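Colleague: Please take a close look at one part of this model, the ligand site. What surrounds the ligand, and which space does the ligand take?

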Amino acid sequence: MVEGKNILVVGLANKYSIAAAISSSLHENGATLGFSYQNERFEKFINEFSKDNGGDFTQVCDLSSDKDIKNLISTAVEKWGKIDGIVHSVGFAPADQISGNIEDCITREGFQITHDVSSYSFAGLLKEAHPHMSENSSIITLTYVGSQEATPNYNVMGMAKASLEASVRYFASTLGSKGIRVNSISAGPIKTLAAAGISGFSKMLDIYKEKSPLKKNITTDDVANVAYFLISDLSSSVTGQTIYVDNGFNIVGY
Ligand code: NAD
């Protein structure tokens, strides 16, 4: 169901990244992939990963730069003509913003950086990419339930994720008439580079295991399965949604 589709993957850092599992699944099911990476630090890994996972190109793209976003989309269009899907799996908050009570740590600069990289990057990417998306294409992003519920230490990242989820609905509502679907996956906690920055993350994993209806933590493969569904034609009537892959954690109260 993704055979022959050209999919741009943004947000791969290392083998533990959620984007790594999503990319492998898409590749195994016949998609062609293009990868961007944040900076030179990730270049070697991305090039190797791309070789092993059906990559057509790799390109540096700091999503806080409009110029980099333009260049990335130009490269994809030069290679493919049309883009059939985008996986946006990007988030960042300065460490001091995701540790402690919000009233003690929030700053104007921290707020701006977090919202710029974790939310505007998605909007900026779609603004540039949408004229080049094929009919019946699909765009996904990754979010977290801290957008809906106050979660210890998640702070301004929760505010940025709420903005990201709203963005999904706005873009879905206007891009739908062009046959472009836009959805997000709200994943439970998984140990990755980004997650390591959140204070008390290991405790969070224990609480999820104990409290979620399915009594386990999730894996990147669990997320990849749903990402495959959303990128594939199987989800041809699904848009503007936040789909929870969290063993049901979000439905449970006290
Ligand atoms: P990760 O660290 O592997 O991925 C985050 C990616 O964001 C990295 O590739 C990093 O290079 C990229 N990035 C950060 N700033 C950037 C910038 N300025 N320009 C370009 N790229 C930039 O961690 P992950 O957990 O795989 O995170 C992927 C997504 O999943 C994020 O949106 C994260 O918030 C979300 N998410 C993660 C969890 C979790 O527990 N790991 C849970 C729910 C949602």
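**The ligand site**

Modeller: Start with the polar contacts, meaning pairs of N or O atoms within 3.5 Å; within protein, one must be able to donate a hydrogen and the other to accept it, and residues adjacent in sequence count only if both atoms are side-chain atoms. Ser 17 puts a polar side-chain atom 2.6 Å from an oxygen atom of the ligand. The protein buries 94% of the 820 Å² that the ligand exposes when taken alone (Shrake-Rupley method, 1.4 Å probe). This is a predicted model: local features need pLDDT of at least 70, side-chain atom pairs count only at pLDDT 80 or more, and totals for chains, interfaces and linings use all residues. Residues are numbered from 1 along each chain as its sequence is written, and side-chain values use heavy atoms, with hydrogens and water left out.

Backbone atoms also make contacts. For Gly 11, a backbone N or O atom lies 3.1 Å from an oxygen atom of the ligand. For Ala 13, the corresponding distance, again from a backbone N or O atom to a ligand oxygen, is 3.4 Å.

Now the shell. There are 28 residues around the ligand (a heavy atom within 4 Å). Ser 17, Ile 18, Gln 38, Ile 190 and Thr 192 come nearest. By class, 18 are nonpolar, eight polar and two charged (Gly counts as polar; Tyr, Cys and Pro count among the nonpolar). Strand E5 (133-143) and helix H7 (193-196) each give two or more residues to this shell (DSSP runs, at least four residues for a helix and at least two for a strand). H7 gives the most, with three residues.

Next, the space itself. The ligand takes up the largest pocket (more than half of its atoms lie within 2 Å of the grid points). A pocket is an open set of points on a 1 Å grid over the protein atoms alone, where a 1.4 Å probe fits, with protein on both sides within 12 Å along at least five of seven lines; lining residues have an atom within 4 Å of a point. The volume is about 1,100 Å³, the space filled by probe spheres set on the points. The lining has 44 residues, and Ser 89, Val 90, Gly 91, Phe 92 and Ala 194 lie nearest the centre. H7 again gives the most, with three residues. By class, this lining holds 29 nonpolar, 12 polar and three charged residues.
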